[in-house]
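Subject: Structure handover and what turned up in it

Hi there,

Here is the structure I promised to pass on to you. Please have it open while you read, as my notes follow directly below.

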Amino acid sequence: MIYDNEKLKYYAKNILEIPSPTGYTDKIMEFISTELHILNVPFSMTNKGAMIVTIKGKNHEYQKTISAHVDTLGAMVKGIKENGALSLVPLGGFMMNAIDGENCTIETVDGKVFTGTIQTTKPSVHISGDEARDLKRIPENMEVIIDEKVFSKQDVEKLGINVGDIISFDTRTRITENGFVKSRYLDDKASVAILLFVIKHLIKEKIQLPFTTNFFISNYEEVGHGAKAALPENTKEFIAVDMGAPGLDQNSSEYVTCICAKDTSGPYDYNLRKKLINVCKVNAIPYKVDVYPFYSSDASAALGAGYDIKTALIGPGVFASHAYERTHMDSILATVDLVLKYCQEA
Ligand SMILES: [Zn+2]
């Protein structure tokens, strides 16, 4: 299937570049709302800020719900040091090495935005030698150096920066000519772009769905409770669209869509997995089935909350997840294909 790749890239780039650390997702939801308004697609928001788009199908009793999470990793100001640097606390689970030297923004509750850099407390080899090299990258040894002439805690407070302010890391988003997509937060913004694109396609092409299908844009996945509440009542099948995990000893790939058989939370529904594999086979969609050693998804969250649903986990293969990530347009397009064909599956 040939799609409007430029539109897909437009969605992906914009979604990737609007900061949305978990717990701070209003702005990104605004962007998605605006795009849905353009498509004339209604949506609703849950109390905790997730978004639901429902496209009516023939059968309203048996519904499919497809999720992706728009919240990402990030950090929060934990304290202001006497020297004017900020200590930080991570939002979500990542290696501190992955943000060493990264540029960032700090946004105050009044909406003021400052830039800065994440550094270790011993950032110069000319000053600390091997101590700089060997310093363990843990939150206690990392700080934010603000791009302002600040020399004391008072100077920083005068800027309006306070404990609890949101720190967002630069995503360094690049899409290469030959289709590689490199960025922080492809997990899971690549999938949010995929769902938005699928919604656009279903609406523009006036595709009649056999089952009412809901798109659930989750906003607290990185801390484990994204899809724990407010799933549409008649949901019988729930597909989490979230990154596949290619790399060392893994079966996933950056060039196909990945179908997860089992992660840390346990096996996904056997029959739903078979159905998805079959959709791939019938439509010649490249796919790989894999097992993820340290992983759980919004499908795991929904099951944990007690929903009686069949679940599956599919998504683009994201290399170096929770660090500076990479995937390929092939993987994104294969996932678009799988989601679209699954929606139309009777
Ligand atoms: Zn994810």
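Let me begin with a salt bridge, meaning a side-chain nitrogen of Lys or Arg within 4 Å of a carboxyl oxygen of Asp or Glu. Lys341 makes one with Asp337, and their closest N and O atoms are 3.5 Å apart. Both residues sit in helix H9 (residues 329-343), and because they are four residues apart there, about one helical turn separates them. Helices here are DSSP runs of H or I with at least four residues, strands are runs of E with at least two, and both are numbered from the N terminus. Lys341 is partly exposed at 22% relative accessibility, while Asp337 is buried with a relative accessible area of 12%. For these labels, buried means under 20% relative accessible area, exposed means over 50%, and partly exposed is in between (1.4 Å probe, protein chains only).

A word on how to read all this. This is a predicted model, in which local features need pLDDT of at least 70 and side-chain atom pairs count only at pLDDT 80 or more, whereas totals for chains, interfaces and linings use all residues. Residues are numbered from 1 along each chain as its sequence is written, and side-chain values use heavy atoms, with hydrogens and water left out.

More on charge pairs

How many salt bridges does the structure hold? The count is 12. Side chains of opposite charge can pair when their charged atoms come close. Arg133 pairs with Asp130, with 2.9 Å between the closest N and O atoms. These two lie three residues apart in helix H4 (residues 130-134), about one turn of the helix. Arg133 is exposed, at a relative accessible area of 53%.

Another pair is Glu237 with Lys275, whose closest N and O atoms are 2.8 Å apart. Glu237 belongs to strand E13 (residues 235-241) and Lys275 to helix H7 (residues 270-282), so this salt bridge ties together parts that are 38 residues apart in sequence. Is Glu237 buried or exposed? Glu237 is buried, with a relative accessible area of 3%, and Lys275 is partly exposed at 21%.

The chain as a whole

There are nine helices and 18 strands in the chain. Its radius of gyration is 21 Å, which agrees with the value near 20 Å for a compact globule of 346 residues; the radius is taken over C-alpha atoms, and the globule rule is 2.2 Å times the number of residues to the power 0.38. Along the principal axes, the C-alpha atoms fill a box of roughly 65 × 40 × 40 Å. Of the 346 residues, 55% are buried. Among contacts (heavy atoms within 4.5 Å) with a separation of 6 or more, 76% are between residues 24 or more positions apart.

Ile166 gives a local view of this. Ile166 lies in strand E9 and is buried at 9% relative accessibility. Beyond its neighbours within four places in sequence, Ile166 has contacts that include Pro21, Tyr24, Met76 and Thr105.

Pockets and a cavity

The search used a 1 Å grid over the protein atoms alone: a cavity is a set of points where a 1.4 Å probe fits but cannot get out, a pocket is an open set with protein on both sides within 12 Å along at least five of seven lines, and lining residues have an atom within 4 Å of a point. Grid points are joined across faces, edges and corners, and a volume is the space filled by probe spheres set on the points.

The largest pocket holds about 540 Å³ of space. It is lined by 23 residues, and those closest to its centre are Met243, Ala245, Phe294, Tyr295 and Ser321.

The second largest pocket has about 200 Å³ of space. Its lining has 18 residues, with Glu17, Ile18, Pro19, Thr105 and Ser168 nearest its centre. Helix H1 (5-17), strand E6 (103-107) and strand E9 (166-169) each supply at least two residues of that lining.

Finally, the structure holds one cavity of 30 Å³ or more, with about 50 Å³ of space. Among the residues lining this cavity are Leu73, Phe94, Arg184, His322 and Glu325.

Happy browsing, and best wishes!
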